[in-house]
Amino acid sequence: MFEKRTLVSIITPTYNHAAFIAECIQSALDQTFTDWEMLVVNDGSTDDTAVVVEKFVSTDSRIKLFNNPNIGIFRLSENYNFALQFAKGKYIAILEGDDIWEPEKLEKQVFALEQN
């Protein structure tokens, strides 16, 4: 059977973003474009980041959490490369764990990418 490919993989690296990560994930959930998956790479947070993310994982199968040992900001590329191993999307979007998106961000970007 043919499995539909996800169009956008959102990579979200995070470290001790418990105060921000819910709003970050909610901004992905609020997108007008919905064909995405979100790969949250937790870089060994010592706060409740993982607990907050797990609440979203349990309610939306597009969101996946990877709890990794802390390697630090100077090795951030390793967290991106880790997530890329699991990404199923045609396109990759970066949404840091302490950032948010406007609701039409993905819709506008995907439209532009598909046109060109």
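Where in the chain is Asn16 found? Asn16 sits in the loop between β1 (8–14) and α1, and this briefing returns to that loop after a look at the whole fold. Please keep in mind that the model is predicted. The chain holds four helices and four strands, and these follow the pattern β-α-β-α-β-α-β-α when read along the sequence.

**Overall build**

- The radius of gyration is 14 Å, close to the 13 Å that the globule rule gives for 116 residues, so the chain is as compact as a globular protein of that length.
- For a sense of its extent, the C-alpha trace spans about 40 × 30 × 25 Å along its principal axes.
- Of the 116 residues in the chain, 41% are buried.
- Among contacts with a separation of 6 or more, 82% come from residues 24 or more positions apart.

**Helices α1 and α2**

- Helix α1 covers residues 21–29 and helix α2 covers residues 49–57; the two pack at an angle of about 25°, with their axes 9 Å apart.
- Because angles under 35 degrees count as roughly parallel, that angle makes α1 roughly parallel to α2.
- The crossing in which α1 passes α2 is right-handed.
- On the α1 side, the contact is made by Ile21, Ala22, Ile25, Gln26 and Leu29; on the α2 side, Thr49, Val52, Val53 and Phe56 take part.
- By residue type, this contact of α1 with α2 divides into seven nonpolar, two polar and no charged residues.

**Ile11, inside strand β1**

- Ile11 belongs to strand β1, and its relative accessibility is 1%.
- Why does Ile11 count as buried? The reason is that buried means under 20% relative accessible area, and Ile11 has 1%.
- Beyond its neighbours within four places in sequence, Ile11 is in contact with Leu39, Tyr80, Ala83, Leu84, Ile92, Ala93, Ile94 and Leu95.
- Ile11 and Glu96 are 85 residues apart in sequence, yet their C-alpha atoms are 7.7 Å apart in space.

**The loops before α1 and α2**

- Asn16, in the loop between β1 and α1, has a phi near 50°, which is a positive value in a residue other than glycine.
- As background, most residues other than glycine have a negative phi.
- Asn16 is partly exposed, with a relative accessible area of 27%.
- Thr46 is placed in the loop between β2 (36–43) and α2.
- Is Thr46 buried or exposed? Thr46 counts as exposed, at 67% relative accessibility.
- Setting aside residues up to four places away in sequence, Thr46 touches Tyr15 and Asn16.
- The C-alpha atoms of Thr46 and Tyr15 are 8.1 Å apart in space, although these residues are 31 apart in sequence.

**The loop before α3**

- Ile73 lies in the loop between β3 (63–68) and α3 (76–86).
- Ile73 counts as exposed because its relative accessibility is 61%, and exposed means over 50%.
- From C-alpha to C-alpha, Ile73 and Asp99 are 16 Å apart in space, with their positions 26 residues apart in sequence numbering.

Key. Residues numbered from 1 in each chain as written. Predicted model: local features only at pLDDT ≥ 70, side-chain atom pairs only at ≥ 80, totals over all residues. Heavy atoms only, no water. Axes fitted to C-alpha atoms, helices over the stretch in contact; angles between N-to-C directions. Parallel < 35°, antiparallel > 145°, perpendicular 65-115°, else oblique. Left-handed = near helix turned anticlockwise from the far one by under 90°. Contact = heavy atoms within 4.5 Å. Nonpolar A, V, L, I, M, F, W, Y, C, P; charged D, E, K, R; others polar. Rg over C-alpha atoms; globule rule 2.2 N^0.38 Å. Buried < 20%, exposed > 50% of the residue type's maximum accessible area, 1.4 Å probe, protein only.
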